[in-house]
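Colleague: Could you take a close look at one part of this model for me, and set out how it sits against the rest of the chain? I would like a connected account rather than a list.

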Amino acid sequence: MENAMLRIYGVILGVVGELRGVIGAIERKDPDLARQMRRAASSVALNVSEGMYSRGRNRGARYNSAMGSMRETLSCIEVGVALGYVNAVDPALLGRIDHVMGTLFKLV
């Protein structure tokens, strides 16, 4: 499990980096939504990092929080698209987000 978490942590950091453009596009139209998305995306990485070094129920709680934050990040993208703040998001990025959620789901 630790190896899987070390691998997914790198994917998460990549996703956070890839989200810069989407966050920027949303920020030009809705700074509050962009701020919420930035916090949620950051929370995914921070909670996974904390969980990797936690034990017992704390580990599961951190991964559960990371899962919720990844879902919140995706919802921010979906709202941004629905409101016309962004036209479309790279399907490969959405696939990586799904991969992160799938990995976290197995651990919570």
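Modeller: Arg96 is a residue of helix α5, and it is a useful place to begin, with the reminder that this is a predicted model. With a relative accessible area of 29%, Arg96 is partly exposed, because that value falls between the limits of 20% for buried and 50% for exposed. Apart from neighbours within four places in sequence, Arg96 is in contact with Val15, Glu18 and Asp90. The C-alpha atoms of Arg96 and Ile12 are 8.3 Å apart, although 84 residues separate the two in sequence.

Next along the chain comes Ile97, which, once neighbours within four places in sequence are set aside, is in contact with Val15, Met70, Leu74 and Ile77. Val15 is therefore a contact that Arg96 and Ile97 share, given that contact means heavy atoms within 4.5 Å. Ile97 is also one of the four residues, with Leu19, Val22 and Met37, that touch the most other members of the largest nonpolar core, a set of 30 residues. Two or more residues of this core come from each of α1 (2–18), α2 (20–29), α3 (31–52), α4 and α5 (91–107), and α3 gives the largest share, with eight residues. As general background, nonpolar side chains in soluble globular proteins tend to be buried together.

Further along α5 lies Val100, which counts as buried because its relative accessibility of 0% is under the 20% limit. Its contacts, not counting residues up to four places away in sequence, are Ile8, Val11, Ile12, Val44 and Met70. For Val100 and Met70, which are 30 residues apart along the chain, the C-alpha separation is 7.8 Å. Leu104 also belongs to α5, and Leu104 too is buried, since its relative accessible area is 0%. Between the C-alpha atoms of Leu104 and Asn87, 17 residues apart along the chain, the separation is 28 Å.

The packing of α5 on α4 can be described through their axes, which are 9 Å apart and make an angle of about 155°. Because this angle is over 145 degrees, α4 is roughly antiparallel to α5, and the crossing in which α4 passes α5 is left-handed. From α4, the residues that take part are Tyr63, Ala66, Met67, Met70, Arg71, Leu74 and Ile77, and they meet Leu94, Ile97, Asp98, Val100, Met101, Leu104, Phe105 and Leu107 of α5.

Turning to the partner helix, α4 covers residues 56–82, and at 1.5 Å a residue its 27 residues should span 39 Å, which agrees with the 40 Å between its end C-alpha atoms. The residues of α4 that are buried are Arg59, Tyr63, Ala66, Met67, Ser69, Met70, Thr73, Leu74, Cys76, Ile77 and Gly80. After α4 comes Gly84, which has a positive phi, near 80°. Gly84 lies in the loop between α4 and α5 and is partly exposed, with a relative accessible area of 46%. The C-alpha atoms of Gly84 and Gln36 are separated by 17 Å, with their positions 48 residues apart along the chain.

Helix α4 also packs with α3: the two axes come within 8 Å and cross at roughly 155°, so α3 and α4 are roughly antiparallel to each other. This crossing, too, is left-handed.

That leaves α2, in which Val22, Ile23, Gly24, Ala25 and Ile26 are buried. The buried residues of α2 pack against α3, α4 and α5, which brings the account back to the helix where it began. With α3, the axis of α2 comes within 6 Å and crosses at roughly 150°, and α2 and α3 are therefore roughly antiparallel to each other. On the α2 side this contact is made by Val22, Ile23, Ile26, Glu27 and Lys29, and on the α3 side by Pro31, Leu33, Ala34, Met37 and Arg38. Val22 and Met37, which belong to this contact, are also among the residues that touch the most other members of the largest nonpolar core, as is Ile97 of the helix you asked me to follow.

Key:
Residues are numbered from 1 along each chain as its sequence is written. This is a predicted model: local features need pLDDT of at least 70, side-chain atom pairs count only at pLDDT 80 or more; totals for chains, interfaces and linings use all residues. Side-chain values use heavy atoms; hydrogens and water are left out. Helices (H or I, at least four residues) and strands (E, at least two) are DSSP runs, numbered from the N terminus. The expected span of a helix is 1.5 Å times one less than its number of residues. Buried means under 20% relative accessible area, exposed over 50%, partly exposed in between (1.4 Å probe, protein chains only). A nonpolar core is a set of buried Ala, Val, Leu, Ile, Met, Phe, Trp, Tyr and Cys residues joined through side-chain atoms within 4.5 Å. Axes are lines fitted to C-alpha atoms, for helices over the stretch in contact, and angles run from 0 to 180 degrees between N-to-C directions. Angles under 35 degrees count as roughly parallel, over 145 as roughly antiparallel, 65 to 115 as roughly perpendicular and the rest as oblique. A crossing is left-handed if the near helix is turned anticlockwise from the far one by less than a right angle, and right-handed if clockwise.
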